[in-house]
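Reader: I would like to go through the domains, helix packing and internal spaces of a model. Please take them one at a time.

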Amino acid sequence: MMYSSTRDKSCRVTAAKAIAQGISAEGGLFVPEEFPAWDLKRLSSLVGKSYQEKAKAILSDFLTDFTPEELSQCVESAYAPEKFDSENIAEISKVGEKAYLLELWHGPTCAFKDMALQLLPHLMTVSAKKTEPGKDIAVLVATSGDTGKAALEGFKDVAGARMLVFYPEDGVSPMQKRQMTTQEGENLSVCAIRGNFDDAQTGVKKIFTDPEILAELEQNGWKFSSANSINWGRLVPQIVYYIAAYTSLVEQEEIKLGEPVNVAVPTGNFGNILAAYYAKKMGLPMGRLICASNRNKVLADFITTGVYDRNREFFTTSSPSMDILISSNLERLLYELSGRDDGEIREWFGKLSADGKYQVPAEVLQKLQAEFAGGSCDDEKTAETIGDIFREYGYLCDTHTAVAVRVWEDYVKKTGDETKTIIASTASPYKFTADVLKAITNEALPEDDFAQVSLLAEFSGMTPPASLLALKEKPVRFTGSISKEEMGAFVRRQLGL
């Protein structure tokens, strides 16, 4: 299995090279040259297997330059039972007759990013030894909240790696901020950016392709990589949980093997729903992919019109991990829909960089709309949905999951499509305690985050995650903030360049 770049398909690298490098030299994203086929017979072989066994079978098709022993060690280390509060790694909760909430937040940081970021450090370590022996890896991350903490936890004290995380100063929840600023680990740094997530993400991409910084890295024995979903090693584990979830529903006799399901995903950077699209390309029986946006609905608008326009007001919402106007992984999807035309990708994303806007031709829009439906949900409807689900089913969900539920409900009303649907549940409600409490009670809320956690536990009967409760006693290590223009200098200082 070889990988090419979305902006230069003549570039061909191994999986290890794609993971170790993170992003192609010209700024493109690595994608597999072909997708493995999983017919019903192959899918049936996963029924009854553990999550770890399913992961090894699926990943082995993509990571063909990893030995079976290397891959097994990576998977078993990532999904060790003591790291997750469920032996199934991910859980499925049925809500109503047609909706199955795929709970991807049972890992150490209580967010779906754990599903990939517990595995990525192991994949990256093996990849670096294969491709850049003797060099240390400098891992840069831009986060809208969940990726940062999950990456920090995954890379904590990993030998040969230094991680730098940038987050928008006022663009994450209090609990997300506390998770990052109290993070332990001698090889980690966390820094707030005066701006939004797009500023942080653009800054990281600029550093990755800065020839001056790259030359300094080379001279000092460093190599850049990324733990964002622009890195293939971050994205490929996400394919696993959609296939694993489908086979789990077969095991539970909720669906028959071969029965199609829809998938609804709350997404800002498009990686989570792209993984579902890739699973469908491989043969997983899927119908419509429902892309759920919050008030920053650049993706929903794009699916409707074919015009991607980030020149709009940016909103800070109750679902901050989706507060994004530049969706990096959309580039990978458009590479497929354009017939893998790297020239068109360079043109479109050149326009996005220069003008903040591009439009795809009618034939690409038609292919997009054949696979995806888009919708959005504001904070008021998000809160309403959290309350409705809690009162009707006794089930508590976070703000991001509620966005997906509401957009899916709107989609069903609009289309009459009653297909059973997997809805990605991306975070524990305790990461967004204040907003979830406001949705289920009219009581005045205490100002203290941990008093809010206690109140939510009292109202819901849901036990708070131990990892979040433990934050109360941890000292804050990382303070202060910088402008986006200072990010390069910060990286230089942290790496001793």
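Author: What follows takes up the annotated domains, two helix pairs, the cavities and the largest pocket. The model is a predicted one.

Reader: Which residues does UniProt list for "domain: Threonine synthase N-terminal"?

Author: The UniProt record, an unreviewed entry, puts that feature at residues 3–79. In the model this span is 45% helix and 17% strand, and its end C-alpha atoms are 26 Å apart.

Reader: Where does UniProt place "domain: Tryptophan synthase beta chain-like PALP"?

Author: According to the same kind of record, again an unreviewed entry, that domain covers residues 94–353. Helix makes up 44% of the span and strand 19%, with 42 Å between the end C-alpha atoms.

Reader: What describes two packed helices?

Author: The angle between the two axes and the distance between them serve as the description. Take helix α3 (residues 51–62) and helix α4 (residues 68–78): their axes lie 10 Å apart and the packing angle is about 140°.

Reader: Why are α3 and α4 called oblique to each other?

Author: Roughly antiparallel is kept for angles over 145 degrees. The angle here is about 140°, so α3 and α4 count as oblique. As for handedness, α3 passes α4 in a right-handed crossing.

Reader: At what angle do the axes of α8 and α20 cross?

Author: Helix α8 (residues 174–181) and helix α20 (residues 449–460) cross at roughly 120°, and their axes come within 11 Å. The perpendicular class runs from 65 to 115 degrees, and α8 and α20 are therefore oblique to each other. Their crossing is left-handed.

Reader: Now the enclosed spaces. How many cavities of 30 Å³ or more does the structure hold?

Author: There are three cavities of that size. The largest contains about 240 Å³ of space.

Reader: Which residues lie nearest the centre of the largest cavity?

Author: Phe112, Lys113, Gly268, Asn269 and Ser321 do, out of 25 lining residues. The elements that contribute two or more residues to this lining are α7 (146–155), α11 (232–251) and α12 (271–282). Sorted by class, the lining has 15 polar, seven nonpolar and three charged residues.

Reader: What lines the second largest cavity?

Author: That cavity holds about 40 Å³ of space. Its lining consists of Ala142, Gln201, Val204, Lys205, Ser226, Asn228, Ile230 and Ser328. Helix α9 (residues 197–208) gives the most, with three residues. By class the lining has four polar, three nonpolar and one charged residues.

Reader: Pockets, unlike cavities, are open. What volume does the largest pocket have?

Author: Its volume is about 470 Å³. Of its 22 lining residues, Arg7, Thr202, Lys205, Phe349 and Ser353 are the closest to the centre.

Reader: Which helix supplies the largest share of the lining of the largest pocket?

Author: Helix α9 does, with four residues. At least two residues each come from α9, α14 (330–337) and α15 (342–355). The lining divides into nine nonpolar, seven polar and six charged residues.

Reader: Where does Lys205 belong in this picture?

Author: Lys205 is among the residues lining the second largest cavity, and Lys205 is also one of the residues closest to the centre of the largest pocket. Helix α9 likewise gives the most to the lining of that cavity and the largest share to the lining of the pocket.

Note on methods:
Residues numbered from 1 in each chain as written. Predicted model: local features only at pLDDT ≥ 70, side-chain atom pairs only at ≥ 80, totals over all residues. Heavy atoms only, no water. 1 Å grid on protein atoms, 1.4 Å probe; cavity = no way out; pocket = protein on both sides within 12 Å on 5 of 7 lines; lining within 4 Å. Points joined across faces, edges and corners; volume = space filled by probe spheres on them. Nonpolar A, V, L, I, M, F, W, Y, C, P; charged D, E, K, R; others polar. UniProt positions renumbered as here; feature names shortened; annotations may be inferred. Axes fitted to C-alpha atoms, helices over the stretch in contact; angles between N-to-C directions. Parallel < 35°, antiparallel > 145°, perpendicular 65-115°, else oblique. Left-handed = near helix turned anticlockwise from the far one by under 90°.
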